[in-house]
Amino acid sequence: SESPLGAFWQTPSGLSYKGCVCVSELEVRQQRGGLLQGTLLLTVSDPQEPGLGSGGATLNALLVAAEHLSARAGYTVVTADVLDDAHILILHTGRDFPWDSCGRAFCWLPVEKPAQTVQGPVCCLDMLLDCLSNQVCPGSPPGVWVCSTDMILTMPTTFKMSWEGFSGVRVLALPGDVSYAANHGVYFADEQGRVRDIIYKGSEERIRRAAQPDGMVPLVSGPVFFCRRVLERLLKAHVTPPLDGCTYMGMDSGAPPIQVCSLHLYFSFLILIFFTSLCACHSPFYLLVFGFLLAVYVPGGCYDYLTLSGREHIGRLTKKGTERDTLSHIQVPYWQWRSVVLEGDVSVASGAVIQHCHLQGPVDVHSGCLLSGLEVTSSSHIQQLALTNDHIIQGHHIQLGEMKITVSCDDDGATFLNHRWSDLYSRTGIQPEDLWGSGRSQSLMEARLFPVFQPRGGAVGLEVGVCWLLGGPGALEQWRAVWRLSLREVLSLTDQEGELRWREALFFQVGRRRVMDNLKSQSDRGLLPSFRAAVLGGQHEELLCTLDSIAAGSGENLGVAARCLACIADVLACLAGEGRGGLRSGPAANPAWSHAFSILEQGDLLGGVQALATERAKWLSRPDLLVRAARHYEAAGQVLLRQAVMLSQRFIYIGQGEVPPLGEWQDVECPARLDLSGGWSDTPPIAFEHGGAVVNVAVKVDGRRPIGARARRIKEPRLLLVSSSGVQDDAIAMETVCERLEDLKDHCVPYAPAALLKAVCVCSGLVTYPSRQSLDEQLLQRWGGGVEIHTWSLLPHGSGLGTSSILAGAVLAAVYRCTGRTYDTDSLIHAVLHLEQMLTTGGGWQDQVGGLVGGVKVARSKACLPLRVEVERLPLSDDFLLSLQQHLLLVYTGKTRLARNLLQDTVRRWYSRVPSIVENAGQLVDNAEECARACTEGSLPRLGACLERYWGQKKVMAPGCEPAAVRTMMDALRPLALGQTLAGAGGGGFLYLLTRQPQQGEAVRQVLNNTQGLRDFSVHPVELDMDDGRLDPKPFLYTFLTFMIYWGTVSVRTYHKRLVVP
């Protein structure tokens, strides 16, 4: 195995049920991705009580590991051969820690890991595993790592150990100052790193002799690695008296128990090696141990041991904690940090720590205080306490037989409640014999201060005992009458499973509130890790209800409601499981969901969300159903997204002018557009949640405006819709005739015949659908007859040059003109945005900006609804425009792109706030602004650099948008180009490049001809179009294949003659 953690072993020096809790916690981390899948997880309890000592526990764990590996390999006896390719990690845990009833390993820290794919708390164990997995263990040969879990290790990001030719024992030594080292162990090593001595709690003079060039000393501070050769010697100890008494096999074989060094883990290793060397009659102890014990000193590292000092623990938490997250805009304000919910008026001073609590104000928490494990029912008693600085109040879940109760305790280390014991005696009347029986050590750990049970009343809480001790109501006799425990007894009776479940419940409750806050505040924080954690923790029903509630209450901001439905789709996909149930993209028009969709379409948000939830409950039983339900929730979110974008209709201003004569054509020709930077930032919802900026340019292709439309009024009260594509002499056209209003029913189905033209008829107000008036009545009443519309495009399908949106703008302009209505360009841009939402194709606003506004321009939209597009023409010099035109080239790649799939996937990832997408959205806007400056300042090299960055940004937004043939083409053209990118969303269509030299069409063609594997490409010159879409009545000549489509009947006629359309 190449993995540094091929197997994982945990050895708690405590009770067996705590070991079960440990392994369950490790399994949760494995499910969340914190441990490698396939890693074997075991807990190994000490074979004897009291504690065996870390050295003996290590030997016992190594034996159990070898036994399991031997059994899995098919052996009937324990053999060291299974260690040849094994990577084993042994972690020690189990010592009581007064500031966390789950011990040091599972002590939660105020640290967040942004890279988590599944959100979870960060404990001391998690930080240690992360450090070992990513910095310490990689590259190590087969062997065993041994480490305790009572410290936090921090390594420099550049740290890397060399393992070439290594054999022996290697220890990690982190720097510490002399004063700190006085209470710890220090390595003395020679220049080669060989350890010559280890001093534990030595004098300052001796410690200073170990000082390194940086003035620090190498602390005994972390992991120890044993190579395969040393492991075999250690393993022999399990059959060698007296060390066989350290193992469960020895105990089961009748060997007398032995305790091997309970002082310190690392000295235990040396004693073990010493014993095994003596028993095996090997070389003397010094040569055996120190001959291959190497210390690796890590300058810049940090070793932080979790001491028993309450003040140090609070200082550690406040130092590592980040700025608290105040959610003051929620109607019932609450404050959360780690697993904390504080409701109402709760004041938390700087330097205070609250963890694993649910409290209701008013509560003032002063500096230096630690509140932990308190339930909401204790709030009323906390409110009565006269808390001052440096108080610690803890709630512990303990188990007395089969009864589980909660007990609270206070401590500040050397004193009780910051007062001497004599002060307590005089204030309360408590006597020493009340706290300590004869022969008991008179320390805080042994003082039976804390009430847990009333013989006639059951479990007690803060109100009995602790409140009284703090000066609240109560009486001495009442305190004496209840069962009391010392802090040591509390810790020994801790119900770790109950404690962890309580913390988990708080964690998920805080998680749901954080989801609510992030959605309502439109934060860019990614929520997928929270969703995965909720699903793994069985909390999906509560999470779905939370999302339903947010969506239903977001009528004032349909963008938030749309994102909520997309989030529900993510939760359903998580429930299905990664890679199970099918692809996320797929059809979403099952009749079972149509009722909910129709309610949403009617504008009833609350009713629609409820109907969706009712239907959702029927689709939760199988992965395939869950994925299909997720698709329908995405479609429902698109309904709300369309409604949100259609609010931009308020920026469409249409006037009424003189109506042209019957039969007079109104022609509109438009250029294509090349997006120079910023594309994707114009796409809803990115455009109104983040804000967008795009720089693009209007161009003629092969000297022509390739997109156009014409419209005229006709005598017959019907709609005659003709659309054609292809070059003039080889065009294909489709004709659709609408004679009844019902013929427009599919105007919002993007793949229906003439869907774009039908949508224009409805969106422009040419006709009203649905309506009680018939189609002919509407046409005669409004326009005195019908309307004939023709459209054409000389560009191939999926060109990436904005054809469909520009064509929509051309058709709208032609229709407005033929019916005598007036408009401005801004209105036309927003009308296209509105039309595309009606057509359900989505898309952004940059295409119509590029084709309807001439020249080079930058368009922007702010991060708000309603979505408004503002266009700024860039003031460019004639010399720069000429140079730009001479250096721009179009290359048709011969590949058709599938923009709809790219769009759907990108919007999904944006709604999920995938960090790379969020970061890239900001970079797109920044690059667009830089591109505008480069153009304004006339710098082609800077413009080329913007193009190169832009292509990289497109690939982040839509992975898979670069087909292999396109990659080959771009690689071949790179020496000729200052910059290049695929047009539009990518995936195919046109490539455009800014060449280093002017007039490089022939050179580009030659390079592509000489590149193997390329075919069906073509090179096209580019001409900048500085005018807006042109209105120019003139004949249009084409040959076409016409499909005559009527409602209920279809007839096909083929024409082979040239027609002149007057």
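User: What share of the contacts in the chain with a separation of 6 or more comes from residues 24 or more positions apart?

Analyst: That share is 70%. Please keep in mind that this is a predicted model. A contact here means heavy atoms within 4.5 Å.

User: How much of the chain is made up of buried residues, and what makes a residue count as buried?

Analyst: Buried residues come to 58% of the 1062 in the chain. The cut-off is a relative accessible area under 20%. As for secondary structure, the chain has 35 helices and 44 strands.

User: Let's try that on single residues. Is Ser-648 buried or exposed, and how do you know?

Analyst: Ser-648 has a relative accessible area of 0%, and buried means under 20%, so Ser-648 is buried. You will find Ser-648 in the loop between α23 (623-645) and β25 (655-656). Leaving aside residues up to four places away in sequence, Ser-648 touches His-830, Leu-833, Pro-866 and Leu-867.

User: And what about His-391: why does it get the label it has at 7% relative accessibility?

Analyst: The same test works nicely: 7% is under the 20% cut-off, so His-391 counts as buried. His-391 is in the loop between α11 (379-383) and β20 (392-400). Its C-alpha lies 9.1 Å from that of Val-365, while the two residues are 26 apart in sequence.

User: On to helices. What makes α27 and α28 roughly perpendicular?

Analyst: Helix α27 (residues 803-818) and helix α28 (residues 825-838) pack at an angle of about 115°, their axes being 9 Å apart. Angles of 65 to 115 degrees count as roughly perpendicular, and α27 and α28 therefore get that label. The crossing of α27 past α28 is right-handed.

User: Which residues meet there, α27 to α28?

Analyst: From α27 they are Ser-804, Ser-805, Ala-808, Gly-809, Leu-812, Ala-813 and Tyr-816, and from α28 they are Leu-828, Ala-831, Val-832, Leu-835 and Glu-836. By type, this contact has 8 nonpolar, 3 polar and 1 charged residue.

User: How do you know what to call the arrangement of α32 and α33?

Analyst: The axes of helix α32 (residues 915-936) and helix α33 (residues 940-957) cross at roughly 160° and come within 10 Å. Since angles over 145 degrees count as roughly antiparallel, α32 is roughly antiparallel to α33. Their crossing is left-handed.

User: And how does the contact of α32 with α33 divide by residue type?

Analyst: The contact has 10 nonpolar, 5 polar and 4 charged residues. Among those meeting are Ile-917, Leu-924 and Arg-933 in α32, with Leu-943, Tyr-950 and Met-957 among those in α33.

User: Now strands. Why are β23 and β24 said to stand at the edges?

Analyst: They belong to an open sheet of 3 strands, ordered β23-β22-β24 with antiparallel pairing. β23 (458-459) and β24 (483-485) each have a single partner strand, so one side of each has no neighbour in the sheet. Strand β22 (residues 450-454) pairs with β24 in the antiparallel sense over 3 bridges, and at least two bridges are needed for a pair. One bridge you can look up is that of Phe-453 with Trp-483 in β24.

User: What makes β32 mostly covered?

Analyst: In strand β32 (residues 786-793), 8 of the 8 residues are buried. In a regular strand, side chains alternate between the two faces of the sheet. In β32, Gly-786, Glu-788, His-790 and Trp-792 are buried on one side, and Val-787, Ile-789, Thr-791 and Ser-793 are buried on the other. Both faces of β32 are covered.

User: Which strands pair with β32, and how many bridges join them?

Analyst: Strand β29 (residues 707-714) pairs with β32 in the antiparallel sense over 8 bridges, while β30 runs parallel to β32 and is joined to it by 7 bridges. Ser-793 in β32 stands opposite Ile-707 and also opposite Ser-725.

User: Finally, why is β31 called largely enclosed?

Analyst: Of the 7 residues in strand β31 (residues 732-738), 5 are buried, so the rest of the structure largely encloses the strand. Strand β30 (residues 719-725) runs antiparallel to β31, with 7 bridges joining them. The bridge partner of Leu-721 in β31 is Thr-736.

Conventions. Residues are numbered from 1 along each chain as its sequence is written. This is a predicted model: local features need pLDDT of at least 70, side-chain atom pairs count only at pLDDT 80 or more; totals for chains, interfaces and linings use all residues. Side-chain values use heavy atoms; hydrogens and water are left out. Helices (H or I, at least four residues) and strands (E, at least two) are DSSP runs, numbered from the N terminus. Axes are lines fitted to C-alpha atoms, for helices over the stretch in contact, and angles run from 0 to 180 degrees between N-to-C directions. Angles under 35 degrees count as roughly parallel, over 145 as roughly antiparallel, 65 to 115 as roughly perpendicular and the rest as oblique. A crossing is left-handed if the near helix is turned anticlockwise from the far one by less than a right angle, and right-handed if clockwise. Ala, Val, Leu, Ile, Met, Phe, Trp, Tyr, Cys and Pro count as nonpolar, Asp, Glu, Lys and Arg as charged, and the others, Gly among them, as polar. Buried means under 20% relative accessible area, exposed over 50%, partly exposed in between (1.4 Å probe, protein chains only).
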